[in-house]
Amino acid sequence: MKTVLSLLFIFASLVQVVLGQYKLKDNYTGKKFLEQFTFFHERDPTNGFVQYQDLQHAKSLGLAFVKGNRFIMKADNKTIAPHGRPSIRIHSNKTYSSGLFVFDVNHIPSGCGTWPAFWLLGQTWPNNGEIDIIEGIHNETRNTITLHTDNKCSMQGVKQFMTGAASKYRNCDVHAADQPNNHGCSVSDSKQDSVGRGFNKNGGGVYAVRWERLTGIQIWFFPRRSIPKDIKSGKPTFKNWGRPTADFPFGNSCQHEAFKNMRIVLDLTFCGDLAGIPSISSSYHCPLDCKSYVKNNPHSFNAAFWDINSLKVYQK
């Protein structure tokens, strides 16, 4: 009997090590986005038609502010913008190499010309990886989740247990021979309200990212009406979460070392390397000359804003 009990104890201990108990490490709400993030104000690396603002100008222009406990960051929607539309990109001061990230957001920017994103970015790209958690362009309603890495990660031949649909490009290595324009390995959400107008109309929702050495990277999306009770209580257990939208397991094909020392990035750019391609603009029934449209139509960007309740980071 003692032997059986000992084995059960060892098994329970191993399960506990694998699953772990997540504890809240960082709770970004309201003013913490102003105080614990850096406002990036250099040239857009994705060649967007945008003028990113530093903290002082972001506040004076009314592009970044706190409303109650919510954090709002938005693009200028009042002026003609001949040199790119003023907007916001922020980077967390802290870096992470694992954790559970729970992002509660009410509104994601949408509309022709927009390219909003919420992502994790390594300090050296692509050696330390990139995890695109939320990314939509123009009037897109389905979110795209993507990994960008060096040669340490591929999903070719890997079983992914998820509800989303994998891209035909399975190699996450941006330098792979079959990679068009640093495509990475992506997954498209099956839900029609995971970004854009549908997401905003439904009052937003929660994105949850589990990133651990033993399990890889899994990303869930829960519409506002379907947020699990354990997330609401602040004690996530993964019970009743179901299959994730995207599943990127670590193993021989994808090494955990491909992702480390990553900052949280939140931005809104326009046109650029993706949304600025005329054929892509046309597929969303948007003007082919993206820059001209963004320059001359400020009131078309009334919906170009992020409205965020919180971003919580849990760690074992």
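This passage looks at how confident the model is and at a few unusual spots in its backbone.

The structure is a predicted model, in which local features need pLDDT of at least 70 and side-chain atom pairs count only at pLDDT 80 or more, while totals for chains, interfaces and linings use all residues. Residues are numbered from 1 along each chain as its sequence is written, and side-chain values use heavy atoms, with hydrogens and water left out.

Start with confidence. The protein chain has a mean pLDDT (the predictor's confidence in each residue, from 0 to 100) of 93, and 94% of its residues reach 70 or more. Residues 1–18 have a pLDDT below 50, and this stretch makes 5 contacts (heavy atoms within 4.5 Å) beyond near neighbours in sequence.

Now for the backbone. Most residues other than glycine have a negative phi, and most peptide bonds are trans. The bond from tryptophan 125 to proline 126, though, is cis, with omega near 0°. Proline 126 sits in the loop between β9 (114–122) and β10 (130–135); helices (H or I, at least four residues) and strands (E, at least two) are DSSP runs, numbered from the N terminus.

Phi turns positive at phenylalanine 238, at about 75°, although this residue is not a glycine. Phenylalanine 238 belongs to the loop between α5 (229–232) and β16 (246–248). With a relative accessible area of 18%, phenylalanine 238 counts as buried (under 20%, against over 50% for exposed and in between for partly exposed, with a 1.4 Å probe and protein chains only).

Cysteine 271, also not a glycine, has a positive phi near 60°. Its loop runs between β17 (262–270) and α6 (272–275), and cysteine 271 is buried, at 1% relative accessible area.
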